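Open the viewer, switch on a cartoon view, and keep the selection box handy. We will go from stop to stop, and at each one you will pick something out and look at what is there.

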Amino acid sequence: MLTHDTAFLFQQKIDNEIKIEPKDPMPQAYRKTNIRQISQHAHSEIVGMLPEANWISRAPSLKRKAILLAKVQDEAGHGLYLYAAAETLGIHRDEMINDLHSGTAKYSSIFNYPTLTWADIGAIGWLVDGAAILNQVALCRTSYGPYARALVRICKEESFHQRQGFDALLVLSKGTLQQKEMCQDAINRWWWPSLMMFGPRDSESTNNDQSIKWKIKRKTNDELRQSFVNMAAEQVKVLGMTLPDAALKWNEESKQYNFGEINWEEFWNVVKGKGPCNKQRLEARKKAHEEGTWVREAAIAYAEKKRLFTDTFKKGALEIA
Ligand SMILES: [Fe+2]
Ligand SMILES: [Fe+2]
């Protein structure tokens, strides 16, 4: 428990835009919220590799394959920085992984949707990475130092992800009738789940107020969702495609796009584990973890061997001296 004075100083630091660092005193709830948010983010990066990795061997050209491979590897890197950032708050990576595998920890629901055609890879890059960037650019100024710093690098890579997705769709949108239809179909299927990525409405989001006060979150779910709609509604015109929302309309007064209602029933169902691929994704994760056991064991054995060698060498050096 922080004393009244320390709690006041903590808030004052945040108000003055001074980053909170791992060894600084912090309220228990601040630590817990950051652990939950950062680990959830790390899990999303790792689970997010699955629907896309599925297409690496089926990419339509060597160039597309190389690009997708690089992107999926970036996501693995993002997961690793983020697990490391969460560990600075006093949780071990094994515990986070166990929580993911047992279903206690969440990851972004968007990855519980299937990737049916090559155009889905484009739609994921454009819409899913696009939505992630909006969220993460805002988080580069989050109050917890290690998380904010990890996000600066992540955002640079995310913008490449969005570009490659849009570019893949642009090629399809200029292709044959079949390619155009494939492009539109992928946009139709990914649009609403992408809007759901911003989470529940502000009025139903339990952590919003405190997280904004602590600057863990810099913008609310609804604010971010609106910026995303404004951006995508313009970009889809370049593709010559449409967004599957009859209510989407420019509002001259608010200078924003009005848009239709999200299917909240579907949203909560997927969050609760009843999405099209929840089971499949968790099973794939667990299998990958089990198959990687030998790598972790080899790394531990190598570290131990190195430590023994260094110890022996130091001892020997001392004796000679
Ligand atoms: Fe990422
Ligand atoms: Fe990404």
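Begin by selecting α3 (49–53), α4, α5 (93–102) and α12 (278–291): each of these helices gives at least two residues to the lining of the second largest pocket. Keep in mind as you look around that this is a predicted model. The pocket holds about 430 Å³ of space. Of its 15 lining residues, those closest to the centre are Ile46, Leu80, Ile97, Arg285 and His289, so show those five as sticks. Colour the lining by class and you should find 9 nonpolar, 2 polar and 4 charged residues.

**Stop 2: the whole chain**

Now zoom out. How many helices and strands does the protein chain have? There are 13 helices and 2 strands. Along the principal axes, the C-alpha atoms fill a box of roughly 80 × 55 × 35 Å. The chain has 321 residues, and 46% of them count as buried.

**Stop 3: the first iron ion**

Select the iron ion (ligand 1) and show the side chains around it. Which residues are its protein donors? They are Glu45 (OE), Glu75 (OE), His78 (ND1) and Glu158 (OE), at 2.0 to 2.2 Å from the ion. Try the angle tool on the 4 donor atoms: the angles run from 85 to 149 degrees, and the site is classed as irregular. If you follow the sequence instead, the spacing of the donor residues reads E-x29-E-x2-H-x79-E. Glu45 belongs to helix α2 (residues 28–47) and Glu75 to helix α4 (residues 62–87), so this pair ties together parts that lie 30 residues apart in sequence. Are these two residues buried or exposed? Both Glu45 and Glu75 are buried.

**Stop 4: helix α2**

While Glu45 is on screen, select the helix that carries it, α2. α2 is made of 20 residues and spans 28 Å from its first C-alpha to its last, close to the 28 Å expected at 1.5 Å a residue. Most of α2 is covered, with 14 of its 20 residues buried.

**Stop 5: the second iron ion**

Next, select the iron ion (ligand 2). It lies 3.4 Å from the iron ion (ligand 1), and Glu75 coordinates both. The donors of the iron ion (ligand 2) are Glu75 (OE), Asp129 (OD), Glu158 (OE) and His161 (ND1), at 2.0 to 2.2 Å. Why is this arrangement called irregular? Because the 4 donor atoms subtend angles of 88 to 163 degrees. Along the sequence, the donor residues are spaced E-x53-D-x28-E-x2-H.

Now highlight helix α7, where you will find both Glu158 and His161, 3 residues apart, or about one turn of the helix. Glu158 has 2% relative accessibility, so it counts as buried. His161, at 0%, counts as buried too.

**Stop 6: the enclosed spaces**

Rolling a probe the size of a water molecule over the atoms shows where empty space is left. How many cavities of 30 Å³ or more are there? The count comes to 2.

For the largest cavity, select Ile14, Glu17, Ile18, Lys19, Arg141, Ser143, Lys215 and Arg218, which line it. Its volume is about 40 Å³. The lining has 2 nonpolar, 1 polar and 5 charged residues.

For the second largest cavity, select Arg64, Ile67, Leu68, Trp118, Gln164 and Ala168. The elements giving two or more residues to this lining are α4 and α7 (145–173). α4 has the largest share, with 3 residues. About 30 Å³ of space lies inside this cavity, and its lining has 4 nonpolar, 1 polar and 1 charged residues.

**Stop 7: two lysines with a positive phi**

Most residues other than glycine have a negative phi. Go back to Lys215, which has a positive phi of about 60 degrees although it is not a glycine. You will find Lys215 in the loop between α9 (208–213) and α10 (221–239). At 16% relative accessibility, Lys215 counts as buried.

Finish at Lys255, whose phi is also positive, near 60 degrees. Lys255 sits in the loop between β1 (249–251) and β2 (256–258). Is Lys255 buried or partly exposed? With 47% relative accessibility, Lys255 counts as partly exposed.

Methods: Residues numbered from 1 in each chain as written. Chains lettered and ligands numbered in written order. Predicted model: local features only at pLDDT ≥ 70, side-chain atom pairs only at ≥ 80, totals over all residues. Heavy atoms only, no water. Donors = N, O, S within 2.8 Å, 3.2 Å for Na, K, Ca; no water. Tetrahedral: all angles 85-135°; square planar, octahedral: opposite > 155°, others 65-115°. Helix = DSSP H or I, 4+ residues; strand = E, 2+ residues; numbered from the N terminus. Buried < 20%, exposed > 50% of the residue type's maximum accessible area, 1.4 Å probe, protein only. Expected span 1.5 Å × (residues − 1). 1 Å grid on protein atoms, 1.4 Å probe; cavity = no way out; pocket = protein on both sides within 12 Å on 5 of 7 lines; lining within 4 Å. Points joined across faces, edges and corners; volume = space filled by probe spheres on them. Nonpolar A, V, L, I, M, F, W, Y, C, P; charged D, E, K, R; others polar.
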